[in-house]
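Dear colleague,

I am passing on a structure that I would like you to look over before we next talk. The coordinates and the sequence come directly below, and my notes on what was found follow them.

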Amino acid sequence: MGEIHKISNEFYLPKGINVPALNQKKEWEFKPSQKIKIDNVVSGGCIFGSVVENSVFNNHKVMLPPTAKGKITFIAPEGQYNINEKILELETEGGKKEEYSMAHFWAVRKPRPICEKLMPN
């Protein structure tokens, strides 16, 4: 709410204002997964690290987006990074390099890919 007030300088929420949910400049303590190594082949949903977010989420998992797939060519060492910095690089089957950060964005109305839908019990 503070960020919205800084931008709009109004008491009420103005129509059409767009503010990022996470601070884009804050640095987080990233720890790469010990299971992830250069030349490993990974795909969407693979956990490649963790971040201490706060006292409640002290081991927030960093995962590849569902559509990612390839061989790891770079993984950042343990350290401080913002959510937009490159911390993983994959080489796809076609030889193209793709970079990933700690955050990825998914359209709300686009369903996540699944293998099978389970019936509730």
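A residue is called buried under 20% relative accessible area and exposed over 50%, and partly exposed in between. With its relative accessibility of 30%, G44 therefore counts as partly exposed. Please keep in mind throughout that this is a predicted model.

To begin with G44, this glycine is found in the loop between β2 and β3, and, leaving aside its neighbours within four places in sequence, G44 is in contact with L64, P65, P66 and A68. Its C-alpha atom is separated by 9.4 Å from that of G70, although the two glycines are 26 residues apart along the chain. One of the contacts of G44, P66, has its place in the loop between β4 (60-63) and β5, and P66 also counts as partly exposed, in this case at 25% relative accessibility. Apart from neighbours within four places in sequence, P66 is in contact with G44, H104, W106, R112 and P113. By comparison, P66 and K25, which are 41 residues apart in sequence, are 25 Å apart in space from C-alpha to C-alpha.

Turning to the overall arrangement, the protein has one helix and eight strands, and from the N terminus on its elements run α-β-β-β-β-β-β-β-β. The radius of gyration is 18 Å, well over the 14 Å that the globule rule gives for 121 residues, so the protein is more spread out than a compact globule. Along the principal axes, the C-alpha atoms fill a box of roughly 50 × 40 × 35 Å. Of the 121 residues, 26% count as buried, and the accessible surface comes to about 9500 Å², of which 55% belongs to carbon and sulfur atoms. Among the contacts with a separation of 6 or more, 41% are accounted for by residues 24 or more positions apart.

The largest nonpolar core has 20 residues, and those with the most contacts inside it are F30, F48, L64, I87, L88, L90 and M102. The elements that give two or more residues to this core are β1, β3, β5 (69-75) and β7. F48 touches F30, P32, S33, I36, V62, M63, L64, I75, I87, L88 and S101, not counting residues up to four places away in sequence.

Which aromatic residues come together in one cluster? F30, F48 and Y81 do so, and the structure holds two aromatic pairs. In the pair of F30 and F48, the ring centres are 6.4 Å apart and the planes stand at 55 degrees, so this pair is tilted. The pair links distant parts of the chain, with F30 in strand β1 (residues 28-32) and F48 in strand β3 (residues 47-51), 18 residues apart. Both partners are buried, F30 at 0% relative accessibility and F48 with a relative accessible area of 2%. The pair that F30 forms with Y81 is edge-to-face, with 6.1 Å from centre to centre and 80 degrees between the planes. Here too distant parts of the chain are linked, since Y81 is in strand β6 (residues 79-81), 51 residues from F30 in strand β1. Y81 counts as buried as well, at 13% relative accessibility.

Two lysines are placed over aromatic rings. The charged end of K26 sits over the ring of W28, 4.1 Å from its centre, while K86 lies over the face of F74, at 4.8 Å from the ring centre.

Two further loop residues may be worth a look in the viewer. T92 is found in the loop between β7 (88-91) and β8 (97-100), and this threonine is buried, with a relative accessible area of 17%. Not counting residues up to four places away in sequence, T92 touches K69, G70 and E98. The other residue is D39, which lies in the loop between β1 and β2 (41-43). Most residues other than glycine have a negative phi, whereas D39 has a positive phi of about 80 degrees although it is not a glycine.

With best regards

Conventions: Residues are numbered from 1 along each chain as its sequence is written. This is a predicted model: local features need pLDDT of at least 70, side-chain atom pairs count only at pLDDT 80 or more; totals for chains, interfaces and linings use all residues. Side-chain values use heavy atoms; hydrogens and water are left out. Rings of Phe, Tyr and Trp (its six-membered ring) pair if their centres lie within 6.5 Å; planes under 30 degrees apart count as stacked, over 60 as edge-to-face and the rest as tilted. Helices (H or I, at least four residues) and strands (E, at least two) are DSSP runs, numbered from the N terminus. Buried means under 20% relative accessible area, exposed over 50%, partly exposed in between (1.4 Å probe, protein chains only). A charge sits over a ring if NZ of Lys or CZ of Arg is within 6 Å of the ring centre and within 35 degrees of the ring normal. Contact means heavy atoms within 4.5 Å. The radius of gyration is taken over C-alpha atoms; the globule rule is 2.2 Å times the number of residues to the power 0.38. Accessible areas come from the Shrake-Rupley method with a 1.4 Å probe; for residues, only the protein chains shown count as cover. A nonpolar core is a set of buried Ala, Val, Leu, Ile, Met, Phe, Trp, Tyr and Cys residues joined through side-chain atoms within 4.5 Å.
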